[in-house]
Amino acid sequence: MTDNFSLKSHNTFGLEHKCRALMNAKTTEELCSICIELYASNQPMLILGGGSNIILCDDFAGTVVVVETKGIEVSSTESYHLLSVEAGEDWHELVCFCLSQGIAGFENLALIPGKVGAAPIQNIGAYGVEIKDICEWVEYCDLSTGKHIRLSANECNFSYRESIFKQQLLGRALITKVGFKVPKIWQPKLDYGPLRALKDPAVTPKDVFECICATRMSKLPDPAKVGNAGSFFKNPVISNELYLSLTTKFPNIVGYPQDAGKTKVAAGWLIEAAGLKGFQVGGAAVHADQALVLINKNSATSEDVLNLARHVVDCIDKQFGIRLQPEPRMIAATGERSL
Ligand code: FAD
Ligand code: EPU
């Protein structure tokens with residue numbers, strides 16, 4: 001345990017905040033016993049993977065528990081590869097491991113930062129695949145009872161950037177292990193953007209992996225060089241009615257049809273159309289190439305980031321009548337808060 005530990009290297013936005021105590025948990029037993037004790041004592045606690053989906057709004061007045069549990073077990077049935085993966089494994093390393101073992105199905109999700117335990121929480125997704133498509137179960141420790149529970153993927157209520165872990169189980173589920181199930185006969189998903197160019201019967205999982213990595217590296221800033229938390233806002237899902245009325249005013253607006261009379265709108269397009277690309281507040285800025293990403297341009301403070309984000313939300317609301325919701329979790333001194 002360390003007093004007043006800096007969290008700068010524990011959040012990919014690179015915000016300079018401290019916590020009272022920081023503990024690294026390397027086994028599931030250790031992880032669960034630390035978190036159960038902190039939960040019972042009512043002390044502020046932040047469970048942390050790679051810190052790639054948080055915005056620290058203040059110094060944290062409690063204990064940060066970093067999940068560092070490791071282990072990947074592989075088995076199979078006649079038709080499926082099965083994996084059981086500890087929460088502290090790095091997501092992208094898992095994707096690379098699968099590729100090296102001839103296990104296909106993870107490649108569209110290459111280069112997403114963070115750890116396996118956080119991946120189901122917002123049902124990570126990219127390039128036409130979400131974790132819900134390959135997840136079989138999620139195991140968590142219920143911090144209020146100490147019980148270990150395994151939920152089927154269906155019970156996780158996965159939807160776009162959502163799951164039961166952000167709803168009914170918010171604040172009391174410590175994810176310890178995730179199970180995956182992918183068919184041995186590969187079914188490539190090549191419908192999204194640059195992947196369409198790969199439509200060729202000879203395409204391999206490695207081709208898809210390389211295309212995804214190249215695309216992501218050309219579009220998204222590398223947090224090791226420029227602090228960021230990926231997409232800062234979710235793509236809003238609006239009624240077809242509102243979308244149609246917007247298309248008459250903004251014929252180039254980008255939207256994707258969804259179920260139940262809804263359309264998902266590209267928030268990056270809205271922010272760019274509002275003229276906010278490159279817009280800066282203090283050291284924080286809207287990325288000049290990808291408007292959905294806010295960056296730490298020059299020693300940004302959390303106030304800079306929050307003020308910039310609020311400005312973007314207000315501008316988009318005024319211009320399009322759509323209120324953007326942040327994707328990363330806002331972490332204040334004693335726990336999560338809204339923007
Ligand atoms: P953290 O930021 O450490 O934690 C996120 C939240 O989950 C926190 O509230 C934390 O308390 C909680 N948490 C973490 N681990 C556990 C656990 N074991 N049990 C319970 N609670 C836990 N996301 C996508 O979906 N698609 C993308 O394409 C994508 N691209 C990105 C690109 C960049 C450059 C960056 C910086 C981020 C991107 N993200 C993307 C967002 C991010 O990578 C994912 O949300 C990722 O799953 C977060 O993992 P993490 O370990 O860093 O979580
Ligand atoms: N666009 C603009 N201007 C911009 C940015 C985007 O007009 O500045 C337009 C693009 O031209 C495109 C559309 O918006 O027509 C969508 O852009 P892109 O394909 O880059 O995807 P995105 O909506 O910006 C989403 C996810 C990403 C994920 C990619 C690929 C969300 C909030 N973001 O981004 O996830 O990697 O699709 O699937 O759903 C993340 O969650 O952190 C993340 C990076």
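This is a short talk on the two ligand sites of this structure and on one residue, D317. Keep in mind that the model is predicted.

I'll start with ligand 1. Its shell has 34 residues, and the closest are I47, G49, G50, S52 and R216. Two of those five also appear in the polar pairs. A polar atom in the side chain of S52 sits 2.6 Å from an oxygen of ligand 1. For R216, an N or O atom of the side chain is 2.7 Å from a nitrogen atom of the ligand. The backbone takes part too: an N or O atom from the main chain of G125 lies 2.8 Å from a nitrogen of ligand 1.

How much of ligand 1 does the protein cover? On its own the ligand has 980 Å² of accessible area, and the protein covers 93% of that. As for where the shell comes from, the elements giving two or more residues are β3 (45-48), β8 (125-126), β12 (173-183) and β13 (227-231). Sorted by class, the shell holds 17 nonpolar, 12 polar and five charged residues.

Now ligand 2. Here 23 residues make up the surroundings, with Y127, Y160, E272, A291 and E327 coming nearest. Again there are polar pairs to point out. The side chain of Y192 places an N or O atom 3.0 Å from an oxygen of ligand 2, and a polar side-chain atom of N235 is 2.9 Å from an oxygen atom of the ligand. From the backbone, a polar atom of G268 is 3.4 Å from a nitrogen of ligand 2.

Coverage for ligand 2 is 82% of the 820 Å² that the ligand has accessible on its own. Two or more residues of the shell come from each of α3 (205-219), β13 and α5 (267-273). Which element gives the most? That is α5, with three residues. The classes in this shell are 11 nonpolar, five polar and seven charged.

Why is ligand 2 said to lie between two domains? Because domain 2 (72-216) and domain 3 (222-337) both give residues to its shell.

Last, D317. This residue is in helix α6, which runs over residues 302-320. D317 is partly exposed, at a relative accessible area of 27%. Leaving aside residues up to four places away in sequence, D317 touches I322 and R323. With R323 there is a polar contact, side chain to side chain, at 2.6 Å. For a sense of distance, the C-alpha atom of D317 is 31 Å from that of D191, which is 126 residues away along the chain.

Note on methods. Residues numbered from 1 in each chain as written. Chains lettered and ligands numbered in written order. Predicted model: local features only at pLDDT ≥ 70, side-chain atom pairs only at ≥ 80, totals over all residues. Heavy atoms only, no water. Helix = DSSP H or I, 4+ residues; strand = E, 2+ residues; numbered from the N terminus. Buried < 20%, exposed > 50% of the residue type's maximum accessible area, 1.4 Å probe, protein only. Contact = heavy atoms within 4.5 Å. Polar contact = N/O pair within 3.5 Å; in protein donor to acceptor, adjacent residues only side chain to side chain. Near = heavy atom within 4 Å. Areas by Shrake-Rupley, 256 points an atom, 1.4 Å probe, with all protein chains shown as cover. Nonpolar A, V, L, I, M, F, W, Y, C, P; charged D, E, K, R; others polar. Domains from an automatic or database assignment.
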